Structure formats: structure tokens, C-alpha cells
Amino acid sequence: MQNVDDRSSEQLIEGQHAGAECGQTILYLDHAASSPALPEVVEAMRESLLQDVANPDGTHAAGQAAAKRINWAAEQVASALNADSSALVWTSGATESIDLALTGSMDFIGGGHIVTFATEHRATLDVAEQLKCRGSTLSVLGVDENGEIDLDELEQTLASGATLVSVMHVNNETGVMAPLVEIGALCARYDVLLHVDAAQSLGRFPLDVDAMNASLVSMSGHKTGGPKGIGALYVRPGVGLTPRLRGGGQQAGQRGGTRPTHQILGLGAAVHAARVAGPAERERLEFLGKRLWHLLAQTPGVILNGAAASRAPGFVNVSVDGVHGQALLAGLTLGDPALAVSPGSACSAARGESSHVLRAMGYSPRRAAASVRFSLGWTTETRTVERAATRFANEVGRLRQLAHGA
Amino acid sequence: MLRLVLPTKSGVCVNSRMARENPTGTWQARFLAPRHALAADADCTGWLVGRATSPVDDARLAIYLAPAAHHRVPRIARFGAYGPPILIACADWICEYLEGLREPLANVALGASGVDTPLWPPIDWFERALAIAATDRFAVIAVQDAMTDILFQCRHGPLQNYDSD
């Protein structure tokens, strides 16, 4: 991984963000939405675009060369899961992976009882709701005020009869981590399929499909410094899936369409880089996250969401008293320096909603709306979080002043 | 009592040009740098205050007008707003509008007997001046509600036990 001193998040965005106003500085702290592509990813993709001219399913030498490079990428991704590379299905991203995992498995089985959690990503909740409309039973379990699930409640639900559990490893809004080993043990005890949404954790944490007894694992490329438009699904051998894309029969019929060699190479390079960076990068993000929260907490009325839970490094989700959520987000993102942050998640924002995750944690709509997610990543430096914290404090103070007398 | 002048349906207001040609004519610019926010240490004794809320948007607004002893136009207009950025921009714009009124061109005096219902700056003035979408019209309506509150007070005095929340 390139030394972050060489390319700060500010330099990166100033140089590449087409949406930035002239002279505007953007402090990029939205890695959970999308992490800028790593230099080695860009290079791998450039090389692939130039060299891998053939269809990787071609039987000629050029096709086989492309397939060989895909196999290298598959080894990288599979190693991050302690899985066999032949168990991977390439997709367009985590959303498609989740859809294939849930819909594909339930269609193959012929429907059943799906168990998931109220803080899951909409990619899961929406698909689960759709499956419910098609005849499956759906249980959406709650969480406590820290976003943590209740294992006893989960066990009771599984004991009543279930087919599939879907849970995310790292929550994309709060960073709260699910106890996958314990959940996997429960699923094994009750013979239930486990699908893990690892969009936020691929490459950042060691994953072991056997230790967590996972049948299906969804992954994303662009959350870990890879390209957008590529993801993968791990499918444990023996787990049946009805394909969602049928035409062409590629990938053993599990997902039709030509494999995008350069995208896959980019994902492989990203996972390789993340694994090399490994614990040192996690430690660095842990330090930066704590530094950011320490600075944000200097402003009265700022609350860390999920504070008591086990959280992934680099996630700082705060709610702010006395400011309107829309004004806060607009003030932070439109001003200068502009903060690239999200109100919970980009997907919630796209739907015009306040965070369903924070509301599921029992927070009021006002508190959920007045929340900001800072997500740090490989481009984040100490000065980035310090400037962001100063900007945040100034904006909160300004909006509170504007609300004075209202 | 403050006698506030505002344009009527037949009147021509000098501020219409401001509405059409506001050089800082987007809501984003006004939201980021409003010039008419009520200062924390402002002494509002004797000022008229019009309040409005938009519960669906979790928004509340107050317009403050300073009395002017020998003029019928507000000398100073200020606002306090808790709500979406559009609301803040609209509140700042109406304050600038009110401060820019010229008495000779005004033909409505709030509080005067027999006055027709005044015509507030029409919604499309706000929309053009601030480049806001029709879907954000709630902010304009909140501003108009606050002005109506002031109008009511001008004519009838403050309501007893009035609770705008």
C-alpha cells in the first residue's frame, strides 16, 4: 500500500473530484460509502485493460491468459476468507451478491424462514421483504441501543424453525461488529444457512468461512480500495443457488455474463494490498478514529452512536443536539473545506430517509436525522481528521446560533 | 405600533428586482452566509416577532422586526431558524426584502384599518431568487406564516398565551 503521506485525501480529492467547486477543498471521510482506488489497483486495472484483451472464457491462449490472471485475483479474495477460490462467484458488487445469496438460495430451496436484523443494509432488508412477498417467512430481529444483537433472541428464533440467517459483519453506518463465530455456531446447531454481508470487512479483518460456519459471504470491491462495479459471493460447496443472471452459462451457470477481467484484477489487488497492510492499518485507523472522536467530543451535545459496542476501526458516527439534520449535512458538505461525509449511509440518503439503523437502535427521528458518519480509510491522515473536527465544530456552532430565537 | 408596508396585488415593489436579479441568488449561498440572523446578544425589546412551524419538516422559524419610530417600514429585520437549509435561506431573503422596502412605493400599511389582505412576495419570487424547487415550497409557506403572525399582531396585538410551538 502506498504511503499515505504521498497522497493525502485532500490532494486526492482536489485533483480528482470533478464535482468540487474551483478552489474548494474536500476532506474525504466517506470510505464506508466508497474508498478511493488504491494506486496498485489502478495500475493492475490499467495493465489488465491493455493486456487482457480476450474473453477469459475463451479457449485460446489469450483467453487462458486472462483466466489465469482472474485465478490470481480469486486466490487473493479466497485467502481473505480462508476459502477455496473455486467457491467464488464474481458479481457487480455487494448488492448483487446479497440478492444472489438470498434470492438464489431461497429460490433453490423453495422458500422458507429468513431471519435478519433491523440494522442490516437495505440491500438485505429490501430483498428479504421481496422474498416475503413471494411466500417466505421473514423475521427481522431488533438490536439494543448500541446496535448489538441479542443472541438469546436469535437462538429462540432459530429453535422455532428457520432456513437462513443474514447478518452483516461490520455495520456500514455505526461500525458495530456482529459476533459471527457465535452466530455461526447457533446456525450450525439448528442447521440453518448463514449469509454474511462482509462488504465493509473484506480485507480489513481476517475472515474464516469455516470458523464462522458461513454458507454464503457477500463482498464488495470499492469499499476496500478496489474499483466500483465488482463484487464477489462465496458459496460453500453443496449450497444450491438458483441463478439470477442466466444467459451464457458462465461461472458454472451461477452468474451469466462475461467476467470483467480488469475489474476482478482490481478487486484482487485491493484485497492483496489490504491484507498486506493488515493489523498496522487497523491500528492506524483505530488511532485516527479515537483522535477524531476526542476532537468532536469537545463540542457539547455531540453523542457517539454505538459507543459501548465493539466497533470496527475508522467508524465514527455521531448525533448532534440542537441542529437540524439536513442543515448540518448541507453545511458540512457545501461549505469550505467541504466534508465528504454521510448522514448515516449514502443509501439511506438516496432514499431521502434518516438512518433506519439509528432508529432501530431506539434513537428518536430527530437524533437519527442529525447524525453524521465519518468513515476513515487509507487516504486519511491526522491532519485530515483535525481539520474535519474543527470544521464540524464551527458548523455546529453556526447552526446553533442560527437557531437561536427560533 | 409598527406600521409595516408590503406590496399589494396591484402594487409595484422595488424589491421585485432584488427577487429577479439577486446576485447571490441561490439558496446554498444564503444558507452558508446569511446576513440577517438574529445575534445572540440582540436586544429585541419591543420588536415584533412572527413565528411559524413546519412539523413535518421538524422546522421552526421566527422573524423579528425592529420598530421604527418615524417610519412605517421595518428598520431591521432578523430571523432565527431551526430547520432545513432552504428554510434558513428563505428567512434570510425575506429579511433582506423587508429591510429594502421603500415607503413611497408601498401601499399597504399593516395595522391600518380597512386594509386589504396584503400580498406577500409571491412564491415564485422566492423560487426564482433562491433557485429552489417547488418541492421545497414548505419553506416559503413557513416564512409567509411567520409574516402572517406579525400581521395579526399588528392588527390585533399579541395573542394571550400564544404558543407557536
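Is B:Arg30 buried or exposed, and what is its relative accessible area? In this predicted model, B:Arg30 is buried, with a relative accessible area of 2%. The side chain of B:Arg30 meets that of B:Asp92 in a salt bridge, with an N to O distance of 2.7 Å. This pair links distant parts of the chain, since B:Asp92 belongs to helix α3 of chain B and B:Arg30 to helix α2 of chain B, with their positions 62 residues apart in sequence. B:Asp92 has a relative accessibility of 0% and therefore also counts as buried, the cut-off being under 20%. The bridge is part of a wider arrangement: B:Arg30, B:Arg35, B:Asp92 and B:Glu96 are linked in a network of salt bridges.

Helices α2 and α3 of chain B also take part in the association with chain A. In the interface, 24 residues of chain B are in contact with 19 residues of chain A. Together the two chains bury about 1700 Å², and 60% of this area lies on carbon and sulfur atoms. B:Phe31, B:Leu32 and B:Tyr82 supply 33% of the area that chain B buries against chain A, more than any other three residues.

Polar interactions accompany these contacts. Ten residue pairs are in polar contact between chain B and chain A, counting pairs in which both residues are at pLDDT 80 or more. One salt bridge is found across the interface; it joins B:Asp58 to A:Arg366, with the closest N and O atoms 2.5 Å apart. On the side of chain B that touches chain A, at least two residues are supplied by each of α2 (27–32), β2 (59–66), β3 (76–82) and α3 (85–99) of chain B. By residue class, that side of chain B comprises 17 nonpolar, three polar and four charged residues.

The nonpolar interior was examined next. In soluble globular proteins, nonpolar side chains tend to be buried together. The largest nonpolar core in the model holds 66 residues, of which A:Phe374, B:Leu61, B:Ile63 and B:Ile94 touch the most other members. Helix α3 of chain B gives the most to this core, with eleven residues. For B:Leu61, residues up to four places away in sequence being left aside, the contacts include B:Gly50, B:Arg51 and B:Ala52, as well as B:Phe79, B:Gly80 and B:Ala81. Further contacts of B:Leu61 include B:Leu87 and B:Ala91, together with B:Ala142, B:Val143 and B:Ala146. A second, separate core contains 47 residues, among them A:Ile70, A:Ala87, A:Phe117 and A:Tyr363.

Over all chains, the whole structure contains 22 salt bridges. One of them is formed within chain A, where the side chains of A:Glu395 and A:Arg398 meet at 2.9 Å, N to O. Both residues lie in helix α13 (residues 382–403) of chain A; because they are three residues apart, about one helical turn separates them. A:Glu395 and A:Arg398 are both buried. Another intrahelical bridge is found in chain B, between B:Asp124 and B:Arg128, whose closest N and O atoms are 3.2 Å apart. These two residues are placed four residues apart in helix α4 (residues 123–130) of chain B, about one turn of the helix. B:Asp124 is partly exposed, with a relative accessible area of 33%, and B:Arg128 is likewise partly exposed, at 46%.

Chain A contains 13 helices and twelve strands. Of its 406 residues, 58% count as buried. Among contacts in chain A between residues at least 6 apart in sequence, 73% join residues at least 24 apart. Within this chain, A:Gly184 lies in helix α7 (residues 180–189) and is buried, with a relative accessible area of 0%. Apart from neighbours within four places in sequence, A:Gly184 is in contact with A:Leu194, A:Met212 and A:Asn213. The C-alpha atoms of A:Gly184 and A:Asp210 are 9.0 Å apart in space, and the two residues are 26 residues apart in sequence.

Definitions and conventions
Residues are numbered from 1 along each chain as its sequence is written. Chains are lettered from A and ligands numbered from 1 in the order in which they are written. This is a predicted model: local features need pLDDT of at least 70, side-chain atom pairs count only at pLDDT 80 or more; totals for chains, interfaces and linings use all residues. Side-chain values use heavy atoms; hydrogens and water are left out. Contact means heavy atoms within 4.5 Å. Buried area is the accessible area (1.4 Å probe) that two parts lose on being put together, summed over both. A salt bridge is a side-chain nitrogen of Lys or Arg within 4 Å of a carboxyl oxygen of Asp or Glu. A polar contact is a pair of N or O atoms within 3.5 Å; within protein, one must be able to donate a hydrogen and the other to accept it, and residues adjacent in sequence count only if both atoms are side-chain atoms. Ala, Val, Leu, Ile, Met, Phe, Trp, Tyr, Cys and Pro count as nonpolar, Asp, Glu, Lys and Arg as charged, and the others, Gly among them, as polar. A nonpolar core is a set of buried Ala, Val, Leu, Ile, Met, Phe, Trp, Tyr and Cys residues joined through side-chain atoms within 4.5 Å. Buried means under 20% relative accessible area, exposed over 50%, partly exposed in between (1.4 Å probe, protein chains only).
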